[in-house]
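Got the viewer open? Here's a short tour, with a few things to select along the way.

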Amino acid sequence: MTELLLELKGITVKFGGFKALDDLDLILKAGELRAVIGPNGAGKTTFLDVITGKVRPDEGDVLFKGKSILKQREHRIARLGIGRKFQSPRVFEKLSVFDNLALAAAWPKKPMPLLLESTKRAETERINQLMSIVNLQTKSNVLAGSLSHGQKQWLEISMLVAQKPDLLLVDEPVAGLTDEETDLTADLLKSLAGENTVLVIDHDMDFIRRLNSPISVLHQGHVLCEGDMKTIQTDRRVIEVYLGQPEQEIL
Amino acid sequence: MELILESLFNSVAIGSVLLVAALGLAIVFGLMGVINLAHGELMMVGAYSTYVTQLIFKLPILKPFYDIYVLIAIIIAFIVSGTVGILLERTVIRRLYGSPLETLLATWGVSLILQQFVRSVPLAYATGCVITIFISLLFSTVIPQNLLQGNRRKLIKTGALGTSAAAGVLTASALASLVSKLSRASSRNVDVTAPPWMRGGVDVLGMTFPKTRLLIIVITIISVVAVSIFLNKSVWGVRIRAVTQNRDMSECLGISTESVDVITFGIGSGLAGVAGVAVSLLGSVGPNVGGNYIVGCFMVVVLGGVGNLLGTVIASFSIGLMTDLIGAGRLLTIWPNMPQPLASTVDFFSTTSMARVMIFALIVGFLQYRPAGLFPQKGRMVES
Amino acid sequence: MNNSRILKRRLSLILWVVIIAALVSAPAILPVFRLNLLGRYLSLAIVALGVDLIWGFTGLLSLGQGIFFALGGYCAAMYLQLNSAGEFPNRIPEFFGLYGVKQLPFFWEPFHSPFFTLIAIWLIPAVIAALLGFLVFRNRIKGVYFSILTQAALLVFFNLFNGQQKLINGTNGLKTDVTFLFGQLVGSESVQRWLFWITALLVILAWSFSSWIVRGRFGNVLIGIRDDESRIRFTGYNPTLFKTIIFAIAGGLAGISGALYTVQSGIVSPQFMTVPFSIEMVIWVAVGGRGTLIGAILGAVVINYAKSLVSEALPASWMFIQGGLFILVVTALPQGVLGWIQGNGPRNLLSRLGISRYTATYPKLDIDQSQEIEL
């Protein structure tokens, strides 16, 4: 369980003159649950874009299970076992909840099998199971577009799980959720770790605390510090970044 | 040497027609995200305005000024096409911001209507319509707001509308009685003849350059310079760019996005009118004249990259150059001893229509390397 | 939900009964001239199905379907011309003589074979569509850029065919009504009657094929591409592949459609590849209802029939009507007539006019109950 799943080495991404990511290093072990926090503009989303192949870094390398995935296209990376949940829930609104999950669960993801075969029994069972975990079993035939915001978030998370990835990248899963839903989401993500590796990005501190996991703090495109909640909260650099530099020190 | 000069001149001439035609399209597409398939028809409107201006200047009173009618036609065409464009923006396009495919279909409908309009409505009455719209648009900007708030509002509005309608009817009937050619509907092509001083050519280094072509090049240069000054230096230019980048934020900052939409689309359409003048000098003018240019214009925009004036300029001239090189079979003149299979291929493509085939293939090939054109926009927001 | 689904099913059942009844009775009722027109419009319904597949379901607005339509037509016409060229000099089609061509161009040769022709009619357009599509989709050129490029491609093919007198009779096109099929004149009444039946059958086949494609998971991927392409990509699907396939299928359908249209109208010419005709195909689908296959069929047939009726009565007014239709359908009826009916449009209109009808008080409750029963 201690093998390295994901390794980012010296990633730099430039947009024009602006460095969105600056010499970023990060290591994830298999089975780990990791939270990434950081102020706005710290490069959190760009960092996910690099891992999932949406953005090519100007420098550095990304290793997944020991192999570089820099040259791969997005759908290849997804098939290798990296799943991503987007910041605002992105589900297929014109498809039913079941069809959404069936698309994520389908394997192989090639045109001919999709055309000739229907959803396999094992997949259907899995989908039903997932729907009951996230409390959507009564909505199986409802169009995803008519779900509430929280239900969409959960649908997207369960789609991610249905994809059976080794690494789950979860971008702000609790934005816009009620406290109760937030807690349930935290428990859900915690239960996923171990079997899967989960990386969560958020800035809801209560939620992060509830995850009870190692935290990496991102600032200006690189990792500022890593550690558990306590270490982070007492780290001076982190306090500076979040609260601004204490005035007496400038003087 | 002569050969290169001639080829260069031809390329610039072809390129500048393309450029002046594509300029308005590039603005409307690049800044507003609107695919205006009626752009060609706005050019047609500009070309017909030139024709009407020419006929008016043949009237006895204006005869002494006949020589400068082309220059005045440029301004008139800008206003006329701009007016039609603003009407189009106010009625149809404003409902469709943010969905380019829908604008594409709707403006195609508009282009059909415009084509049939010039076929079935006598030009005198068409002129009357444009004048009515123009004056009522003018009223809506000129009348002070406080006059529009009291209980006289309805009266003033009706009065303004009535005045503009009366002006339109008067112009229409005056034109119809004075110029017989304008009083009948006709779907036949008409010809714009250049005033005497513009006929013939200018001799440089033993070569003759047609004056009309030179005039078009000058018109193009002036349009491009004016547009770039307007967009980069004027207050409205800043506002337009602001609205392009973030409509909601601009609104919060107190920019009237509606006026910006009207002005941007009006200028884009007006430039189509100017292009129409250029086109009317090159050949006969008919209801379908715009359709011949529209696809070429879009190729310029795609090749140049969206929202980039320099890209549009370079793309037009490179397409012009390619058209001349391939279409006129220049490669064979430059390299007469070309091996046989290659020579016959070059020969096969050396007509204007086959050159188009070749250029399209080259553009698609080019897009394999630079999918977003010569000058792509960069940044995080581009794809989403 | 359940109610509206039953309503939908009933609606489409009624539609089908009407359509089939109309098809069966048409040859008995209509004079040959009208029957032939109906046959032509039915063949246009097949290309409309293709447009619906790529635009309504996948979100790719192609303005170049005329290319594939014309290619199918040319394939059919080349076979028919060769088949009836026996008595002409050099045993090649007559028009070659006008340009002093004595040798049949090489690409005509395979069209001596009827089997090759039957395959070529859909395969050649499909392959060209796949190639063109692949080059465009590979670079993630989409949306309006795709539309513009397909339109440019259309113009290119038009120029290519229009300028080649010696190869394909250029702007004059290839006539088929004076050629022979099984010893009968293609333009004759009996052959035209047969062609009507074949067309009607093929429309139904094409419809079943299209609905088979969109019904299952493949169709769901297409809808996913339409609504959120990058999400589909991160789910592990390769949109380029799916788009290329569906574009090729639409191209093949266009080819079949073009061939049927050609043999019923008696000629194929570069006019099939003009810009307006290809955009018209889009309006048939848009008016009928994009994303509903029956809408595409009905749109193609009804609009074209209306066009021929209006043009006979008031020739100048059709352009105005058509232009108005484009604007109307985009601004007021984005889902087309069928989509409007399915989306409770009539009821909304009635209630807007003040005639309200029964509405469920707790529609949500209704949904949940029905779903639980299903589980």
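What radius of gyration does chain B have, and why does it agree or disagree with a compact globule? Chain B comes out at 22 Å, which agrees with the value near 21 Å for a compact globule of 384 residues (taken over C-alpha atoms; the rule is 2.2 Å times the number of residues to the power 0.38). This is a predicted model, where local features need pLDDT of at least 70, side-chain atom pairs count only at pLDDT 80 or more, and totals for chains, interfaces and linings use all residues. Residues are numbered from 1 along each chain as its sequence is written, while chains are lettered from A and ligands numbered from 1 in the order in which they are written.

Select chain B and show it as a cartoon: you'll get 15 helices and two strands (DSSP runs numbered from the N terminus, helices being H or I with at least four residues and strands E with at least two). Its C-alpha trace spans about 85 × 60 × 35 Å along the principal axes.

Next, pick Ser164(B), in helix H6 (residues 153-178). Ser164(B) counts as buried because it has 20 C-beta neighbours inside 10 Å (buried is 20 or more other C-beta atoms within 10 Å, exposed 12 or fewer, partly exposed in between, with C-beta atoms placed from the backbone). Beyond its neighbours within four places in sequence, Ser164(B) is in contact with Thr132(B), Ile135(B), Ser136(B) and Phe139(B) (contact: backbone-placed C-beta atoms within 7 Å).

Finally, bring in chain C: the contact takes 35 residues from chain B and 35 residues from chain C. On the chain B side, H4(B) gives the largest share, 15 residues.

Notes: Two residues are in contact if their C-beta atoms, placed from the backbone, lie within 7 Å.
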